Amino acid sequence: ISPDINIVLMEDFNSKAEGSFIRRKFSLYKNLLTSRIIVTTHGSLFKSFKNITVDLWHAFPTKKAGLMLNDGSEKNILKDTDYFLSYSEFSTLLLNSRYGIKVSHYIELGSPRNDYLFKKQNRRPSFLKEFENCKVIFFLPTFREQRYGEEKLMKNLRFEKFDFNLFNEYLKNNNLLFVLKFHPNDEKKWWEALKDINYSNIVLLKDEFLNDGFEDFYQILPFS
């Protein structure tokens, strides 16, 4: 990277951030107004005639959104995107069915984080160390309707009835470990609702695993 380029990381405006909300908001728009290139992962936050907007996106498009909803509930968040980094031709097809931007705006470069899926890790995450002989199953649901509370968990995950004890026994008998990680939009409330659940072969995982020496969740997926 050229030393003449100044990179500014704009973080979420959460309650733990330093400075007042107004000051942080002012800093955000000051940087956006003066930036030549704006890189995002969830659509364009800001666009002027001086900016070039680049969207890296944040997931492979596997569900209906945007124009596909056909109910006016979601605007076209990519309408101000100059360049969209797509994973593949198939990904471009799916994304454009959602947002309908010009095909010339897509640049198909793949997803760099997918490289982790093909790299052998030299050490296991700490939460897997006691399960070295188990096959690992990751369940990573996207966010759903806001249904909270333990008794509503399986309805949220599309089960009307579910027996955790019976499921855990099945996992133990078949030498399996079930790892459940919620979408970041759901994680906080679900962890609060399920914090007392304790089963030998069921692990509830959250983003704190990154403090375990791993930079990206995709570094852990090859253990499944």
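**Entry 1: the parallel sheet**

I began with the pairing of β5 and β6, which run in the parallel sense and are joined over 5 bridges. I note at the outset that this is a predicted model, and I read each entry with that in mind. On the other flank of the search I looked up strand β6, residues 176-181, and found 4 bridges joining it to β7, again in parallel. Put together, the strands form an open sheet of 3 strands in the order β5-β6-β7. Because β5 (135-139) and β7 (202-205) stand at the edges with a single partner strand each, one side of each is left without a neighbour in the sheet. Neighbouring strands of this sheet are turned against each other by 25 degrees on average, direction ignored.

I then looked up individual partners across the sheet. F138 stands opposite V179 in β6, F178 has I202 of β7 as its bridge partner, and K181 is matched in β7 with L205.

**Entry 2: the strand β6**

Is β6 buried or exposed? I found that 6 of the 6 residues of β6 are buried, so the strand is largely enclosed by the rest of the structure. I recalled that in a regular strand the side chains alternate between the two faces of the sheet. Here L176, F178 and L180 point one way from β6, while L177, V179 and K181 point the other way, and all of them are buried.

**Entry 3: two nonpolar cores**

I next asked which residues touch the most other members of the largest nonpolar core. The core has 15 residues, and those with the most such contacts are F127, L128, V136, F138, L177 and V179. I noted that β5, β6 and β7 each supply at least two residues of this core. For L177 I listed the contacts, leaving aside its neighbours within four places in sequence, and they are L128, F131, C134, K135, V136, I137, N201, I202 and V203. A second, separate core has 11 residues, and L176, W190, I197 and Y199 are among them. In general, nonpolar side chains in soluble globular proteins tend to be buried together.

**Entry 4: two single residues**

I looked up T53, which is found in strand β2, residues 52-55. T53 has a relative accessible area of 2%, which is under the 20% cut-off, and it therefore counts as buried. Its side chain reaches the backbone oxygen of D80 at 2.7 Å. Apart from neighbours within four places in sequence, T53 is in contact with I38, S44, F46, K47, D80, T81, D82 and Y83, so that D80 appears both in this list and as the partner of the T53 side chain.

I then turned to N198, in the loop between α5 (184-194) and β7. With a relative accessible area of 70%, which is over the 50% cut-off, N198 is exposed. The C-alpha atoms of N198 and F164 are separated by 9.9 Å, although the two residues are 34 residues apart along the chain.

**Entry 5: the chain as a whole**

Last, I collected the totals. The protein chain has 5 helices and 7 strands, and from the N terminus on its elements run α-β-β-β-α-β-β-α-α-β-α-β. Of its 224 residues, 32% are buried, and about 15600 Å² of the chain is exposed, with carbon and sulfur atoms supplying 53% of that area. Among contacts with a separation of 6 or more, residues 24 or more positions apart account for 59%.

Terms used:
Residues numbered from 1 in each chain as written. Predicted model: local features only at pLDDT ≥ 70, side-chain atom pairs only at ≥ 80, totals over all residues. Heavy atoms only, no water. Pairing = 2+ DSSP bridges. Axes fitted to C-alpha atoms, helices over the stretch in contact; angles between N-to-C directions. Buried < 20%, exposed > 50% of the residue type's maximum accessible area, 1.4 Å probe, protein only. Contact = heavy atoms within 4.5 Å. Areas by Shrake-Rupley, 256 points an atom, 1.4 Å probe, with all protein chains shown as cover. Core = buried A, V, L, I, M, F, W, Y, C linked by side-chain atoms within 4.5 Å. Polar contact = N/O pair within 3.5 Å; in protein donor to acceptor, adjacent residues only side chain to side chain.
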